[in-house]
Amino acid sequence: YEPLVLNRLERAWGTERLKIYMHRKDFAQALTTLLKMGPPGGRYDDGNNLKVAKSLEERFPNEILAYYRSGLGNLKINLPRKEYAVKAVFMAKVRHMFVDVLKSPQGWQSFARPIKAACIRRPAFQEEMARAVPGWRDL
């Protein structure tokens, strides 16, 4: 039955393609599909995309870093605290990629300091980032 599934795979939903590619250990196709699905944290995101991204972190660190950064969206606009909390989760993932995977704490600091400085007058933003991102207050 596998050839029939593979023939119809291009018409399947992205989440189903991800599951199949990960099961077949076709990580390059899984990454391509993940990036085509758009930024993480959408309204109908079930969290499966983040699980796939986490499993691809070691193989494709720069691409997954860009994927997590796309989840931050536009940080220059005012948002409700709930949206800041979601963005803080992705900021923690970006920090994890810089510090733990890429072993570049300087890269993390050069990425995060301008964001913190630009959003210094948003107390809700700063509180949510401090709650989710280790070392945010020390930047």
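The largest share of the lining of the largest pocket, four residues, is supplied by α7. The model in which this pocket is found is a predicted one. The pocket has a volume of about 170 Å³. Its lining consists of Arg69, Leu72, Gly73, Leu75, Lys76, Phe111, Pro114, Ile115, Ala118, Cys119 and Arg122. By character, seven of the lining residues are nonpolar, one is polar and three are charged.

The pocket belongs to a protein with eight helices and zero strands. Read from the N terminus, the order of elements is therefore α-α-α-α-α-α-α-α, each run being a helix by assignment. Along the principal axes, the C-alpha atoms fill a box of roughly 55 × 30 × 20 Å. Of the 139 residues in the protein, 40% are buried. Among contacts with a separation of 6 or more, 54% are between residues 24 or more positions apart. The protein exposes about 8,700 Å², and carbon and sulfur atoms supply 53% of that area.

The interior can be followed next. In soluble globular proteins, nonpolar side chains tend to be buried together. Here the largest nonpolar core has 39 residues, and those with the most contacts inside it are Leu56, Met91, Trp108 and Trp136. At least two residues of this core come from each of α2 (14–23), α3 (27–36), α4 (48–56), α5 (61–70), α6 (81–101), α7 (105–118) and α8. The helix that gives the most to the core is α6, with nine residues.

Methionine 91, one of the core residues with the most contacts, can be examined in detail. Leaving aside neighbours within four places in sequence, methionine 91 is in contact with Leu72, Leu75, Trp108, Phe111, Ile115, Met129, Val133 and Trp136. Among these partners, Trp108 and Trp136 are also listed with the most contacts inside the core. Others, including Leu72, Leu75, Phe111 and Ile115, line the largest pocket.

Two helices show how buried residues are placed against their surroundings. In α4, the buried residues are Asn48, Asn49, Leu50, Val52, Ala53 and Leu56. They pack against α2, α3, α5 and α6. In α8, the buried residues are Ala124, Phe125, Gln126, Glu128, Met129 and Ala130, and these pack against α6 and α7.

Glutamine 126 gives a closer view of α8, a helix that spans residues 123–132. Glutamine 126 counts as buried because its relative accessible area is 12%, and the cut-off for buried is under 20%. Leaving aside neighbours within four places in sequence, its contacts are with Lys116, Cys119, Ile120 and Trp136. One of these partners, Cys119, also lines the largest pocket. Lysine 116 is ten residues away from glutamine 126 along the chain, and the C-alpha atoms of the two are separated by 7.6 Å.

Two lysines in loops remain. Lysine 25 sits in the loop between α2 and α3 and has a positive phi of about 60° although it is not a glycine. Its relative accessible area is 60%, so lysine 25 is exposed. Lysine 103 lies in the loop between α6 and α7. Its phi is near 55°, again a positive value in a residue other than glycine. Lysine 103 counts as exposed because its relative accessibility is 63%, where exposed requires over 50%.

Key. Residues numbered from 1 in each chain as written. Predicted model: local features only at pLDDT ≥ 70, side-chain atom pairs only at ≥ 80, totals over all residues. Heavy atoms only, no water. Buried < 20%, exposed > 50% of the residue type's maximum accessible area, 1.4 Å probe, protein only. Contact = heavy atoms within 4.5 Å. Core = buried A, V, L, I, M, F, W, Y, C linked by side-chain atoms within 4.5 Å. 1 Å grid on protein atoms, 1.4 Å probe; cavity = no way out; pocket = protein on both sides within 12 Å on 5 of 7 lines; lining within 4 Å. Points joined across faces, edges and corners; volume = space filled by probe spheres on them. Nonpolar A, V, L, I, M, F, W, Y, C, P; charged D, E, K, R; others polar. Areas by Shrake-Rupley, 256 points an atom, 1.4 Å probe, with all protein chains shown as cover.
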